[in-house]
Amino acid sequence: MTTKGKVLIIDDDPDFVEVVRTALETDDFEVFSAADGSQGLALMRQEKPDLVFLDVMMAHPTEGVDVSEAMMEDPDLRDIRVVMITAITDTQYVGDFPTDRYLHVDQFLTKPVPLSELLELTNRILKK
Amino acid sequence: MEEQFPLQAELIERIDWLISLRWLAVVGTLLTIVVVNSYFPGLLLQSPLMTTIAAIALYNFLFFLYARQLRPHVSTVLRLRQSTVFAYVQIALDLIALTTLLHFAGGVENPFALFFIFHVIIASILLSPTASFLAALLASSLFAAMAFLEYGGLIPHYNLVGLVDPDLYRHGSYVLASVLGMAITLFLVVYMTSSIGARLRARTNELMEVSRSHEAKSQELEELNAKLQKLDAARTKFMVTVTHELRAPVATIYSCLDLVLGGFASREKEQQVLERAQRRATELLELVKDLLELTEARQAEVEVEEAEPIQLADVLHNVDELMRVEAENKDLFLSVDIDTAPPPVRAKPEHMKAVWTNLISNAIKYTEPGGIIVASLTHDSDHVIGVVRDTGIGIAAEDLPRVFEEFYRTANARAISPQGTGVGLAIVKRMIENYGGKIWLESELGQGSKFTFMLPRAR
């Protein structure tokens with residue numbers, strides 16, 4: 001069966017991963033998941049996904065940012081599209097967020113992400 | 001130092017002023033003599049007056065040199081004493097010089113005898129009241145000695161020829177009146193100048209006292225402000241963490257419902273997803289409960305005094321009953337070991353229940369099936385000692401200092417139980433410390449953990 005594309009979810013919340021996986025799989029995407037940054041990078045090299053959903057705050061508060069930087073530095077991963085997901089909207093926390101670094105990110109989403117929006121975004125990015 | 005002795009500090013500054021003033025006096029006297037000579041030639045004896053003025057100039061020059069040599073010293077008590085003695089010497093010499101000048105210029109007949117007043121004013125400004133009265137006494141004595149010695153013919157009298165009656169100095173009543181008038185004037189001047197000076201100094205001291213206490217107060221406020229800012233920063237950080245911890249499960253529950261309601265999942269998946277949502281909601285309730293407990297632990301400090309003595313053993317038995325099923329379900333051996341007649345501690349039973357429950361449920365959570373958990377209660381002369389030991393996964397050395405932090409969870413703990421709150425040990429530590437106790441942990445990765453806490457026994 002052909003799918004609309006490969007999507008990798010990197011998030012340490014297994015329930016969130018399951019929900020997104022279910023929604024994406026129902027919409028004919030092939031879904032992989034990783035619970036932390038290094039596992040995610042390993043899976044990226046192995047599976048070459050088209051799109052990565054990346055949680056910012058995992059075991060340490062900027063793990064997602066570090067992953068996106070590692071992707072920038074790796075020519076094999078540089079072209080993978082990235083949607084960064086965060087539970088942070090609080091402006092107090094912005095100081096910790098490295099906005100001055102160039103981030104390899106196509107879009108930011110804030111949890112809770114409406115699934116319709118997530119699916120629409122996935123379809124739009126992968127159609128390009 | 002100078003602030004503590006304003007009078008002396010002023011003295012040090014005024015010494016320079018005194019020396020400058022003396023140069024002016026030298027020039028002024030010279031000019032006076034020249035002018036008087038041009039209008040009344042032969043009235044004044046030039047040479048002794050000039051010699052006296054030269055002597056004044058000479059000692060003033062020496063004073064000038066001495067003052068310069070004093071200056072490099074830091075303002076120590078020694079310097080203050082030196083300056084005081086220096087001022088005494090100068091004022092005494094000036095009085096002698098003035099008397100000498102008067103003697104060679106008519107003595108008691110010379111109207112410039114009033115210059116003594118300037119000298120005692122200067123003394124009153126510079127010196128303590130006692131020293132000022134001594135200066136007035138010296139001035140009066142010198143003036144009286146000169147007048148009486150001239151009157152008695154023991155020293156020569158130089159008449160201001162043509163200006164006053166040449167026999168005036170021999171009029172006993174005039175001489176006596178002059179001497180008494182001079183003495184009374186000088187003492188009154190010292191009295192007035194000193195009391196005005198004392199009042200001014202008192203006010204200066206008051207002002208300095210006020211400014212000093214203001215300074216101390218503003219420094220105190222600054223420190224308090226810094227402390228508050230630090231507290232506020234810690235609170236903000238806590239709020240951010242709590243918000244994140246609360247938001248994550250809510251977001252997941254929302255997504256689960258979104259998946260079902262939006263029809264993004266198949267029928268058979270829906271049931272599964274709703275179960276997930278329910279589990280997360282249960283965990284969320286757990287977290288909220290822990291947060292409430294933590295808040296209470298943060299506030300409990302105030303209540304310590306009101307706590308009744310309780311038996312920790314009773315609390316432990318209760319908790320044991322509640323947790324036993326959970327332990328057995330996981331195939332863990334839970335043993336409770338209480339020594340005979342442990343003394344009571346002063347604490348609220350619900351707080352101590354939180355301590356035992358958190359420690360034992362942690363042990364259950366992080367010990368593999370087949371493991372052993374021992375909760376024990378002993379005491380020494382001053383403390384009741386509780387221990388919870390397990391054969392579980394243990395804690396890595398680098399994590400040991402952090403496990404009591406709010407929301408801190410080790411990587412191992414996350415792997416075994418992804419949805420813990422990381423608040424339990426923070427609650428335990430707060431509770432124990434609130435009641436004047438302490439808690440510590442011995443552990444090694446893979447070698448189990450041992451939590452020990454001590455509480456002061458109730459007296």
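In chain A of this predicted model, A:Ile9 stands opposite A:Phe53, a residue of strand β3(A). That pair belongs to the parallel pairing of β1(A) with β3(A), residues 51-55, which runs over four bridges.

β1(A) has another partner. Strand β2(A), residues 30-34, pairs with β1(A), also in the parallel sense, over five bridges. There, A:Val7 faces A:Val31 of β2(A).

How is β1(A) placed, mostly covered or not? The strand covers residues 6-10, and four of its five residues are buried, so mostly covered, counting a residue as buried when 20 or more other C-beta atoms lie within 10 Å of its own.

Now the connection. β1(A), α1(A) and β2(A) form a β-α-β unit, and its hand is right.

On to the contact between the chains. On chain A, 21 residues are in contact with 23 residues of chain B. Helices α1, residues 14-26, and α4, residues 115-127, each supply at least two residues of that side of chain A. The most comes from α1(A), with eight residues. So the helix of the β-α-β unit is also the one that gives the most to the side touching chain B. By class, that side of chain A has twelve nonpolar, five charged and four polar residues.

Last, chain B. Helix α6 of chain B has 90 residues, 172-261. What span should we expect at 1.5 Å a residue? The figure is 134 Å, and the end C-alpha atoms are 129 Å apart, which agrees. After α6(B) comes B:Gly263, with a positive phi near 70°.

Note on methods
Residues are numbered from 1 along each chain as its sequence is written. Chains are lettered from A and ligands numbered from 1 in the order in which they are written. This is a predicted model: local features need pLDDT of at least 70, side-chain atom pairs count only at pLDDT 80 or more; totals for chains, interfaces and linings use all residues. The expected span of a helix is 1.5 Å times one less than its number of residues. Two residues are in contact if their C-beta atoms, placed from the backbone, lie within 7 Å. Ala, Val, Leu, Ile, Met, Phe, Trp, Tyr, Cys and Pro count as nonpolar, Asp, Glu, Lys and Arg as charged, and the others, Gly among them, as polar. A residue is buried if 20 or more other C-beta atoms lie within 10 Å of its own, exposed if 12 or fewer, and partly exposed in between; C-beta atoms are placed from the backbone. Two strands pair if DSSP finds at least two bridges between them. A crossover is right-handed if, with the strands pointing away from the viewer, the path from the first strand over the helix to the second runs clockwise.
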